Amino acid sequence: MADRPTYGSMWPIYAKYWDRMTILPERQNEVRDAVVRILGGKSRYLAVNHATSVPWDMTGALHMRESSCNFSRQLGQGDPLGAVSVHEPKGMGPYLTFEESAFDIFARKGYNKILDWRLEKKLYYSENWNGWGYWLYRGNMPSPFLWGATNIQKIGKYVADNKWDPNVWDTQIGVAPVLKLMLEMNVPVKGDIYFKRED
């Protein structure tokens, strides 16, 4: 497998995309509904933030993407809590709670060691979460995991683990429009995001 891109190489690209990103007009209500779902689970995402330092809004956006914010599912890939995961990452669990699954996956990925969570890092580590297949093997394609439901998105989707279809449009909402709409709605996220653990 090719080396994954570095944060240093990607953050200027994310900044450029972010600055020209708009949510597609026909998807505005869907994105707003997704933000409302995430806000409904904010207290649980904050609990994860306090234990791991991962921003609660990013956790919520990942959870939305993996399982539509279903708290009976693992954060890592949306598989059921009470069973060992069969989708990537495989072999995780079983877990008793969503929070337990979040603590484990963030520790495995090393996200709990990151304290400087600026916007571009949220985007970088969200794409890293899902994998670099779009960027590395599809001509530097913007990942729909990030940019779904925006003007940045392109056609083509991994319809299953490692299975590519160039003719499928990913209909899921991406992480970026959710984060952007939260900011536009003046959702107070910054103070919560930069919670620092006292070890």
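How many of the 199 residues of the chain count as buried? The figure is 50% in this predicted model. Here is a short tour of the fold, the largest pocket and a few backbone details worth a look.

**Overall fold**

- Ten helices and two strands make up the secondary structure of the chain.
- Followed along the sequence, these elements run α-α-α-α-α-α-α-α-β-β-α-α.
- The radius of gyration of the chain is 16 Å, which agrees with the value near 16 Å that a compact globule with 199 residues would have.
- Along the principal axes, the C-alpha atoms fit a box of roughly 40 × 40 × 35 Å.
- Among contacts with a separation of 6 or more, 61% link residues that stand 24 or more positions apart.
- About 9,500 Å² of the chain is exposed, and carbon and sulfur atoms supply 51% of that area.

**The largest pocket**

- The volume of the largest pocket is about 960 Å³.
- Its lining counts 26 residues, and the closest to the pocket centre are Glu-88, Asn-130, Tyr-158, Ala-160 and Asp-161.
- Two or more lining residues come from each of helix H4 (56-67), helix H6 (119-130), helix H7 (133-137) and strand E1 (157-160).
- Strand E1 gives the largest share of the lining, with four residues.
- By character, the lining residues of this pocket split into ten nonpolar, nine polar and seven charged.

**Cis peptide bonds between H4 and H5**

- As background, most peptide bonds are trans.
- The bond from Glu-88 to Pro-89 is cis, with omega near -5 degrees, and Glu-88 is also one of the residues closest to the centre of the largest pocket.
- Pro-89 sits in the loop between H4 and helix H5 (98-109).
- A cis peptide bond also joins Gly-93 and Pro-94, where omega is about 0 degrees.
- Pro-94 belongs to the loop between H4 and H5.

**Positive phi outside glycine**

- Again as background, most residues other than glycine have a negative phi.
- Cys-69 is not a glycine, yet its phi is positive at about 65 degrees.
- Cys-69 is found in the loop between H4 and H5, and this residue is buried because its relative accessible area of 10% falls under the 20% limit.
- Asn-140 has a positive phi too, near 60 degrees, and lies in the loop between H7 and helix H8 (144-147).
- Asn-140 has 42% relative accessibility, so this residue counts as partly exposed.

Notes:
Residues numbered from 1 in each chain as written. Predicted model: local features only at pLDDT ≥ 70, side-chain atom pairs only at ≥ 80, totals over all residues. Heavy atoms only, no water. 1 Å grid on protein atoms, 1.4 Å probe; cavity = no way out; pocket = protein on both sides within 12 Å on 5 of 7 lines; lining within 4 Å. Points joined across faces, edges and corners; volume = space filled by probe spheres on them. Nonpolar A, V, L, I, M, F, W, Y, C, P; charged D, E, K, R; others polar. Rg over C-alpha atoms; globule rule 2.2 N^0.38 Å. Buried < 20%, exposed > 50% of the residue type's maximum accessible area, 1.4 Å probe, protein only. Contact = heavy atoms within 4.5 Å. Areas by Shrake-Rupley, 256 points an atom, 1.4 Å probe, with all protein chains shown as cover.
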